[in-house]
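User: Please take me slowly through one helix of this model and the stretch just before it, and explain each term as you use it.

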Amino acid sequence: MRSHRLRLLTVAATLLGLAACGGPPAAEDGDEKSPSGAFPLTVEHALGTTTIPSKPKRVATVNWANHEVPLALGVVPVGMAAANFGDDDGDGVLPWVEKRLDELHADTPVLFNETDGIDFEAVADTKPDVILAAYSGLTEQDYETLSDIAPVVAYPDAAWATPWREIIRTNSKAIGLADEGEKLITDLEGDIKKTVAKYPQLKGKSAMFMTHVDPNDVSKVGFYTAHDTRTLFFEDLGLKIPGSIAKASEGTDKFALTQSAEQIDVFDDVDIITGYGDEKGDLIKTLKKDPLLSKIPAVERDSTYLLPGSSPLGTAANPTPLSISWVLDDYVAALAEAADKVK
């Protein structure tokens, strides 16, 4: 890992004379007041308490999807994490983000390559006034290093466990747009309600979300716990979290766990299984051929829907502010087709 603080002191010294990067501003100049409140503003989160002295004009984001909140509210970040999953054209920008940038007539922000962790120097180079990370896996060291650059807003409770509503609330508050964030939540809830109403067969069915399963080793199955946003999203869709997943999630804050195939009958209470598959559908064939996994009721009756690998559709099943509307119709329709097979 890069040397952090010492290196950043050098970087910071060189930044003073640099001109601001091009593209639309991160926030409008003017009065320090916002419709949502006044600055200085304090945000409490799992890694501490952050004070943002004035309304940010230059917003940077790190880790997954945090840039979607300012973009949804009309604010273009000066820098954001490059997409490293579901990026079908390899440009580091997911299709729903590209669509929003087009709507705002904005250039693509600086993209931070996070393949080997956060690129602290690249973040510093964008000269941010605030760094948004409400949905992230920041460590204490990450947080301290980023805090040498600008005020940092981390996750409210646990790493990678911030529901989509709280991603919006936390990040929008930090940029002085909490009221606008609440309206965004209301609008998305309306879209979800309208779509789900078309598929009454979903109501009350239990659903499980599998992680990526190695087709060469099906001796264990990975699944997302009740702390993960993919699982929590089921409740928005009229589904419920099965007792087996809820029980396994007790006493841990991990967002994913594994279950031995020899004890796979624990998932007998699962009506629908979704998760990550492959374009050709080979994984589900492997599950159906396996003498243990084929006995899972959802696999046996075909009430399964495996998302196409690392495609944008598969990526969007992890609900984020801009991806929800993009994926909603296709995802809910596919789950409803699986629900039709549950008698």
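Analyst: His105, which comes just after H3, takes a positive phi of about 55°; helices (H or I, at least four residues) and strands (E, at least two) are DSSP runs numbered from the N terminus. The model is predicted, so local features need pLDDT of at least 70 and side-chain atom pairs count only at pLDDT 80 or more, while totals for chains, interfaces and linings use all residues. Residues are numbered from 1 along each chain as its sequence is written, and side-chain values use heavy atoms, with hydrogens and water left out.

Within H3, the buried residues (under 20% relative accessible area, 1.4 Å probe, protein chains only) are Pro95, Trp96, Val97, Arg100 and Leu101. Their cover, judged by contact (heavy atoms within 4.5 Å), includes helix H2 (68-72), E4, helix H12 (312-316) and helix H13 (323-339).

Before the helix, Asp88 sits in the loop between strand E4 (79-81) and helix H3 (95-103), and Asp88 counts as exposed (over 50%) because its relative accessibility is 57%. On the surface, Asp88 joins Asp89, Asp91, Glu98 and Asp102 in a patch of negative charge. A charged patch joins like charges within 9 Å, using residues with over 30% relative accessible area and no salt bridge, that is, no side-chain nitrogen of Lys or Arg within 4 Å of a carboxyl oxygen of Asp or Glu. Asp and Glu count as negative, their charges are placed at CG and CD respectively, and accessible areas come from the Shrake-Rupley method with a 1.4 Å probe.

Methods: Patch = residues over 30% accessible without salt bridge, like charges linked within 9 Å, V, L, I, M, F, W, Y side chains within 5 Å.
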